[in-house]
Amino acid sequence: MTSLFAPDTVVLLCLLLHSIEGTCPSICLCTSDTLSCGSQGLTRLPLLLPPTTATLDLSYNRLGWLGPGSFSNLPKLDTLHLANNQLTTLGHGVFHNASSLRHLDLSSNRLRVLEQHFLQGLWRLEELLLYNNRITRVEGGTLSGLSSLRKAYFSLNQITEFPFFSIQDHSHPFLTMLDLSSNRLTTLPWEDVKALPGSVQKGLYLHNNSLVCECSMYSVFWRWEQRGFDSVRDFTDEHTCLIYGEPRASVRFLRHSLYFQNCTVGKVVSLPVAVFLSNLMVNEGERVRLDCQTSLRGKELSYTWVSPNQEYLTQTSFNDTLINVFPNG
């Protein structure tokens with residue numbers, strides 16, 4: 001009896017498990033590669049999610065914790081929405097074998113401390129949303145290994161310190177957005193901030209914090225404003241600081257700079273910006289005027305013309321009168 005039926009029983013069991021694993025959970029909506037389980041009151045992840053899932057929406061549920069390897073059976077997972085849950089922490093290895101993940105939304109949860117193991121293994125991650133949590137501290141190694149990261153949103157938290165030293169050209173070559181606005185930063189390690197890659201400085205948002213007014217702080221923001229950084233220019237009125245740290249003595253330091261008139265801000269040193277003119281056909285004997293069109297502004301702005309042979313063109317270097325450079329460049 002055993003030798004006759006055991007093989008058929010094993011085959012039947014294997015087929016049954018395969019069928020269950022590929023089935024859409026009854027509380028979710030499924031398409032070819034998208035699984036939507038939002039607003040279902042879930043307190044834990046559904047079992048046996050389809051391995052073809054590339055986008056998983058678990059937002060607006062009641063998830064309070066995620067254990068090790070929660071998404072290890074989803075090899076194609078690209079986008080994960082976990083916003084508006086009740087997550088207070090993440091287990092070790094929660095994203096084990098989920099290295100394909102590029103977009104992770106953990107916004108509007110109850111996370112308090114970002115531990116360095118939370119995001120381990122996510123070397124393909126490009127966008128990280130952590131705004132509107134209860135985060136007070138970000139551990140030094142939290143962003144380590146996120147070499148593909150482009151945008152990180154930490155706004156609307158209670159962060160008092162941030163590991164700027166962990167972000168360097170070789171560690172985060174693509175990072176262009178770091179939003180730390182609306183937190184509780186009072187002082188910053190300005191040497192570490194000034195050492196950030198230029199692309200990170202340009203996309204560093206620090207408005208609506210509790211920064212104490214000091215010359216080192218004002219000097220950095222003054223330089224960024226002179227360079228036309230959108231992170232400063234677009235939120236001019238939201239950049240405030242506290243005189244002597246007194247909450248009632250707040251000043252919009254980019255609007256009212258008299259308090260800093262004795263600060264030495266130095267000279268803006270900008271990298272050269274090349275403007276390439278489009279092809280232009282000019283007949284012999286005709287005049288043509290070439291303008292260097294740029295949105296940059298400031299008294300320190302200067303213009304330099306370079307020939308196709310990479311030679312600098314100045315009025316004194318011309319041997320003929322066919323080319324003339326205006327006094328303003």
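1. Rings of Phe, Tyr and Trp (its six-membered ring) count as a pair if their centres lie within 6.5 Å. The model is predicted. A search of the whole structure finds 11 aromatic pairs. Two of them are taken up below, followed by a cluster.

2. Tyr205 and Phe235 pair edge-to-face. Their centres are 5.9 Å apart, and the planes meet at 85°. Planes over 60 degrees apart count as edge-to-face, so the label follows from the angle.

3. What does this pair tie together? Tyr205 sits in strand β13 (residues 204-205). Phe235 sits in the loop between α5 (230-233) and β14 (240-242). The pair therefore links parts that are 30 residues apart in sequence. Tyr205 is buried, at 15% relative accessible area. Phe235 is partly exposed, at 28%.

4. Tyr218 and Phe260 make a stacked pair. The figures are 4.4 Å centre to centre and 5° between the planes. Planes under 30 degrees apart count as stacked, so this pair qualifies.

5. Tyr218 belongs to helix α4 (residues 215-226). Phe260 lies in the loop between β15 (250-252) and β16 (305-306). The stacked pair therefore ties together parts that are 42 residues apart in sequence. Is Tyr218 buried or exposed? Tyr218 counts as buried, at 10% relative accessibility. Phe260 is buried too, with a relative accessible area of 3%.

6. Which residues form one aromatic cluster? The members are Trp190, Tyr218, Phe221, Trp224, Phe229, Phe253, Tyr259 and Phe260. Both rings of the stacked pair, Tyr218 and Phe260, are in that list.

Note on methods. Residues numbered from 1 in each chain as written. Predicted model: local features only at pLDDT ≥ 70, side-chain atom pairs only at ≥ 80, totals over all residues. Heavy atoms only, no water. Helix = DSSP H or I, 4+ residues; strand = E, 2+ residues; numbered from the N terminus. Buried < 20%, exposed > 50% of the residue type's maximum accessible area, 1.4 Å probe, protein only.
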